[in-house]
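Trainee: Please take me through one part of this model in detail. I would like to hear about the main pocket and then one residue.

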Amino acid sequence: MASAFQSFWHYLVTHFSDFQLATLGTFIIHESVFFLSGLPSLLFERSGSFSKYKIQKKNNSPAAQERCILRLILYHVCVNLPVMIASYPAFRFMGMRSSLPLPSLSVIIPQVLFYFILEDFVFYWGHRVLHTKWLYKHVHSVHHEYATPFGLTSEYAHPAEILFLGFATILGPALTGPHLFTMWLWMILRVLETVEAHCGYHFPWSLSNFLPLYGGSDFHDYHHRLLYTKSGNYASTFVYMDWLFGTDEGYRKLKAIEKEGKVPDGVY
């Protein structure tokens with residue numbers, strides 16, 4: 001398996017330039033992973049499948065879903081792709097490479113863990129700033145147009161927010177200058193994480209049921225269905241930042257009420 005993958009990577013680096021792989025290759029992988037992982041929750045919502053695991057009873061209209069998809073394509077082509085192209089020299093300067101040999105797991109795992117921790121920290125504070133009155137009204141309210149999120153809404157945002165919070169995602173790789181393979185792996189995991197957090201379903205197999213520090217869909221769905229001044233749950237991946245700074249109090253109170261079986265009408 002390892003030798004086959006090495007051969008595949010050898011094919012990539014001998015048939016495409018570093019620039020092509022780091023820009024167009026990254027864009028193609030991102031779009032593939034994002035839409036393939038995000039579409040199922042949209043289809044579940046339309047068909048009523050897995051309704052017992054749906055966090056909110058409300059559904060988005062087909063028109064609202066289609067508007068989200070069309071704007072996402074526009075933003076990805078007109079914002080994400082140009083940013084990938086423009087940032088390529090910076091990543092090359094910081095040491096990113098695509099050549100063989102591929103990095104070992106002892107290098108990949110610590111780097112990806114560092115990226116998750118750093119991204120979560122930076123995202124938390126950036127997200128809190130976006131919930132101040134002016135920035136919420138003029139920028140972040142676009143993302144909150146979908147009070148009942150589904151997977152694809154994870155990247156539905158104002159272009160300024162895409163750049164602002166996207167900084168949290170690329171900061172770790174920019175600091176460490178990883179191999180392109182590590183960069184792609186980080187991007188795939190981050191996309192899967194944010195799509196899951198916005199999917200609108202809490203399944204028995206959801207990661208938050210097994211990883212105590214992981215937020216997941218239930219944690220982030222609470223953030224979407226409350227007023228921006230009361231939402232809390234600002235972190236992207238983990239729960240400890242909100243716990244440390246007391247921005248998950250409302251969510252924790254709701255969980256305590258749920259355990260007692262006394263959830264107030266209208267909460268969902």
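Mentor: Here is the pocket, followed by T148 and its contacts.

This is a predicted model, so local features need pLDDT of at least 70 and side-chain atom pairs pLDDT 80 or more, while totals for chains, interfaces and linings use all residues. Residues are numbered from 1 along each chain as its sequence is written, and side-chain values use heavy atoms, without hydrogens and water.

The largest pocket holds about 940 Å³ of space. A pocket here is an open set of points on a 1 Å grid over the protein atoms alone, where a 1.4 Å probe fits, with protein on both sides within 12 Å along at least five of seven lines. The volume is the space filled by probe spheres set on the points. Lining residues have an atom within 4 Å of a point.

The lining has 38 residues. N80, E155, I162, G166 and T169 lie nearest the centre. Elements giving two or more residues are α2 (18-47), α3 (62-93), α4 (105-130), α6 (159-176) and α7 (180-197). Helices are DSSP runs (H or I, at least four residues), numbered from the N terminus. The largest share, nine residues, comes from α7. By type, the lining has 19 nonpolar, 15 polar and four charged residues. Gly counts as polar.

Now T148. T148 sits in the loop between α5 (133-138) and α6. T148 is buried, at 7% relative accessible area (buried means under 20%, with a 1.4 Å probe and protein chains only). T148 touches E45, K54, Q56, K58 and N60, leaving out residues up to four places away in sequence (contact means heavy atoms within 4.5 Å). K58 is 90 residues away along the chain, yet the two C-alpha atoms are 6.8 Å apart. The side chains of T148 and Q56 share a polar contact of 3.2 Å. That term means a pair of N or O atoms within 3.5 Å, one able to donate a hydrogen and the other to accept it.

Definitions and conventions: Buried < 20%, exposed > 50% of the residue type's maximum accessible area, 1.4 Å probe, protein only.
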